[in-house]
Amino acid sequence: MQQEQKEKTFIELITRHKGIIHKVCNVYAGELHAQQDLYQEIVVQLWKNFEKFEGRSSFSTWMYRVALNTAISNYRLQKRVLSATTITDQVINLPDRPSEQQEEQLQQLYSAIRQLSDLERAIVLLYLEDHSYKEMEEILGIKEGALRVKMNRLKEKIRQRLNDTVYGT
Amino acid sequence: MIPCMELDHLKSIWQKKADAPDISQQKLLDMLNQPSSGPVASMKRNVRFEFISSLFVYGLSALLFFLWDRRMYWEVALTFVVLGLLFSVYYGFKMRLLNHMQCLTCAVKSHLQKQLHTLEQYVRIYFWTATLVVPAMLIYFGWLGFHKKELYGLPSKFGSFSAIALPYIAVTLLITVLLYFGNKTYVKRMYGKHIAHLKSVVQEMNEE
């Protein structure tokens, strides 16, 4: 009964924060199959470590730590990213409707992020998710000042990569 | 219309559009019972398999020598028992390292540092054990044959240093050198990329 209750609580929390796993998988694994494998591995690791969640940080912060740690140390799964579609492979065809245009931009952003290093991907992901630098420090273990410097460089790097794709420069 | 490709502009699109697809509760429940497919979990599975295999091989060898002629081969049988025990300690130590290799709930930097440090330790232990165990056994059995040649019915020239011992030492040295380079290549192929990957992330994290 206690186990059932624990499972129920876990599933509820995971469902509430499912976006975290989904985004980490999208950023760290390119192909659908690799994403599914990574998704399952993250869920398994979250469940295995669920007892260690003491509530000192928010559940989402804890979840980001486990998900990013799993994704970065799961080198075998990441290798498959190499064969994923890269930003330069894509045919740029921006549609007229704003929603479709946004979808296209989002896909280009994902592709640009996948070209970054593992650490850079984590920083950009947390930035896009609107985490403060303090929270990013808590998740990544890197000092706030260093994160700001890295983030400024990353903004420029991504802007250049996206512009190269869109304008073909 | 020319799209704005600034990250801060894309951030709002990301937050609006990057929704996760629904996943059924049953599917999530099924996932909870699945074994981990991560590298540490598969290394643990390998260690368990090697442990059981070595217990079987050394145990069976000890038993066979003991049953064959216990007066003559009890030392050989005992050697296999000792080897089995030593390998159990070795696998226990490897398992302990694997159990301490991950801290998934820690901050990413400390998790990766821990994993890198423990993995390097694990690889070092594996490398030296795999390189030295065969020469050590050859030296021991050579020594046993040299001292018990009459008992084992070995030719008398087995006592001659230049006729037997010198070539035996030369072959043992050659095997050791081959094992050294063979294991070095194997370890590099098995763990080299993963260690290099961890090192590069940790190094990047330490850069200001």
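Two residues are said to be in contact if their C-beta atoms, placed from the backbone, lie within 7 Å. The structure shown above is a predicted model, and the notion of contact runs through this report, from a single residue to a pair of helices, then to two domains and finally to two chains.

**One residue and its surroundings**

A:Cys25 lies in helix α2 of chain A, which covers residues 18-28. Leaving aside residues up to four places away in sequence, A:Cys25 touches A:Gln35, A:Leu38 and A:Tyr39. A residue is buried if 20 or more other C-beta atoms lie within 10 Å of its own, and because A:Cys25 has 23 C-beta neighbours inside 10 Å, A:Cys25 counts as buried. The C-alpha atoms of A:Cys25 and A:Gln40 are separated by 9.8 Å, although these residues stand 15 residues apart along the chain.

**A pair of helices**

Two packed helices are described by the angle between their axes and the distance between the axes. In chain A, the axes of helix α4 (residues 59-73) and helix α8 (residues 133-140) come within 9 Å and cross at roughly 45 degrees, which means that α4(A) is oblique to α8(A). The crossing of α4(A) and α8(A) is right-handed. On the α4(A) side the contact is made by A:Thr61, A:Tyr64, A:Arg65 and A:Leu68, while α8(A) contributes A:Glu135, A:Glu138 and A:Ile139.

**Two domains of chain A**

The domain assignment of chain A gives domain 1, residues 1-84, and domain 2, residues 86-169. Their contact takes 14 residues from domain 1 of chain A and 11 residues from domain 2 of chain A. On the side of domain 1 that touches domain 2, α2 and α4 of chain A each supply at least two residues.

**Two chains**

Between the chains, 41 residues of chain B are in contact with 54 residues of chain A. On the chain B side, α1 (7-17), α2 (25-32), α5 (108-147) and α7 (161-206) each supply at least two residues, and the largest share, 7 residues, comes from α1(B).

**Residue classes in the contacts**

The table sets out the classes of the residues that take part.

| Contact | Nonpolar | Polar | Charged |
|---|---|---|---|
| α4(A) with α8(A) | 3 residues | 1 residue | 3 residues |
| Side of domain 1 of chain A that touches domain 2 of chain A | 8 residues | 4 residues | 2 residues |
| Side of chain B that touches chain A | 21 residues | 12 residues | 8 residues |

Methods: Residues numbered from 1 in each chain as written. Chains lettered and ligands numbered in written order. Predicted model: local features only at pLDDT ≥ 70, side-chain atom pairs only at ≥ 80, totals over all residues. Helix = DSSP H or I, 4+ residues; strand = E, 2+ residues; numbered from the N terminus. Buried ≥ 20, exposed ≤ 12 C-beta atoms within 10 Å, placed from the backbone. Axes fitted to C-alpha atoms, helices over the stretch in contact; angles between N-to-C directions. Parallel < 35°, antiparallel > 145°, perpendicular 65-115°, else oblique. Left-handed = near helix turned anticlockwise from the far one by under 90°. Nonpolar A, V, L, I, M, F, W, Y, C, P; charged D, E, K, R; others polar. Domains from an automatic or database assignment.
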